Amino acid sequence: DAASQMKPDAWTVSSNEALKLSLVDEQGAVQFCPIFTYPIFGDSEQIFGYQDLQIFLAFDSITFKPFSNVRYSAKLMDTVDDVQKKILEFLPPNDVVVKDEISWVDMFTKERLSFNLPGSHLRIKSYDIEDEQFAIYKVQLQDPKIKLLHKRMQIFTLFFIESASYIDDEDEGWEIFLTFNVKTKQCIGYSTTYQYWKYTGGPEFDIDANSSATGKISQFLIFPPYQGKGHGSLLYNAIFDIWLGSPSVREITVEDPNESFDILRDRNDFLRLQGTGFAEAIPDQLPLDQEWLKSQRLSLKLEKRQFMRLIEMTLLNKSS
Ligand code: ACO
């Protein structure tokens, strides 16, 4: 009736529910909702002015070529926010196919023909899960093909990582680690990383001898359809192992980890420590010797806070 039509509630929807994300493959589309939309639609995560609003944002699961369409049964007035425009602001310009689904399918089908995984010299790990083969690659973000892929994928960090923002992808320092399904060429997840250099003195031209880097995991994401199968742990361990083996990296850190990343990190660091015989080597005498702690921490390349958590976990595990 006319009176209820005038209530503001009738014209307000949750942007987290209105936005339908999907990844499209040969079998069809896997649809899921974002966890956060405030970077796009504002802190209240509400959209005013529409009824039965649905915002579709779909990606080809291989090329990540984006498609978007907005549907609603009624619009309050012409001056309400243009939701389609808001979404487009966060995606590469002139890349999103709007409304015309058939031409989107045409375009990504063509793009797929020339879509290749990064070169095998960039592959740092291969593994199988449920009879499917996966590989992890370490690539400079400046690689043009990876840069475009990243420009298309990065909106997922806003949807799934609280307080995420876009990185400066013109900066030469970014390295990106990506996991692909080897057969389908689908990207399973990725992590952007950066090495911060510290100069420890000496002549400046002798960079190797007088400097060391902190390896930082910046954004870390496994796409929702592929979560909970171990890909996150394998990606984290692959990054860690590369930096453990790199003489220039002195310490490994994570930018603003959330609770689920902390759990993943604790579990995998703990297992790595057990593999090194750390628990057996830990002295029985408390307090623990500071020099011993320091040498252990440096050789494991752990930052202080994380190292102390692991010591606690190890001691608890020993005494239980
Ligand atoms: N079969 C079934 N379950 C498994 C398997 C397996 N083979 N292997 C591991 N699991 C379980 C783990 O035990 C774990 O269980 P839990 O949820 O009870 O702890 C769970 O699956 C997750 O472990 P993984 O599968 O290794 O991790 P996943 O691939 O799901 O990645 C991540 C975890 C990265 C947090 C992912 O869920 C994600 O991307 N979330 C959204 C974005 C996000 O939060 N990113 C981190 C932000 S912090 C930052 O960016 C620095």
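The following exchange goes through some labels used for this predicted model and the values behind them.

Biologist: What are the ground rules for the numbering and the confidence values?

Modeller: Residues are numbered from 1 along each chain as its sequence is written. The model is predicted, so local features need pLDDT of at least 70 and side-chain atom pairs count only at pLDDT 80 or more, while totals for chains, interfaces and linings use all residues.

Biologist: How many helices and strands does the protein have?

Modeller: The secondary structure comes to 13 helices and 15 strands. Both are DSSP runs numbered from the N terminus: helices are H or I with at least four residues, strands are E with at least two.

Biologist: What makes strand 3 and strand 9 edge strands?

Modeller: Two strands pair if DSSP finds at least two bridges between them. Five strands form an open sheet in the order 3-2-6-7-9, with mixed pairing. Strand 3 (28–32) and strand 9 (97–98) each pair on one side only, and are the edge strands.

Biologist: How do you know that strand 6 and strand 7 pair?

Modeller: Strand 6 (residues 54–60) and strand 7 (residues 66–71) share six bridges, in the antiparallel sense, against a requirement of at least two. Leu57 stands opposite Ser68 in strand 7.

Biologist: Why is helix 10 called roughly perpendicular to helix 13?

Modeller: Helix 10 (residues 259–275) and helix 13 (residues 304–319) pack at about 65 degrees, with their axes 10 Å apart. Angles of 65 to 115 degrees count as roughly perpendicular, under 35 as roughly parallel, over 145 as roughly antiparallel and the rest as oblique, so helix 10 is roughly perpendicular to helix 13. The contact is made by Asp266, Asp269, Phe270 and Leu273 of helix 10 and Gln306, Arg309, Leu310, Met313 and Thr314 of helix 13; contact means C-beta atoms, placed from the backbone, within 7 Å.

Biologist: Why does Asp52 count as buried or exposed?

Modeller: A residue is buried if 20 or more other C-beta atoms lie within 10 Å of its own, exposed if 12 or fewer, and partly exposed in between, with C-beta atoms placed from the backbone. Asp52 has 10 such neighbours, so Asp52 counts as exposed. Asp52 lies in the loop between strand 5 (50–51) and strand 6, and has a positive phi of about 50 degrees although it is not a glycine.

Biologist: And what about Asn94?

Modeller: Asn94 has 6 C-beta neighbours inside 10 Å and therefore counts as exposed. Asn94 is in the loop between helix 4 (83–88) and strand 9, with a positive phi near 55 degrees.

Conventions
Axes are lines fitted to C-alpha atoms, for helices over the stretch in contact, and angles run from 0 to 180 degrees between N-to-C directions. Two residues are in contact if their C-beta atoms, placed from the backbone, lie within 7 Å.
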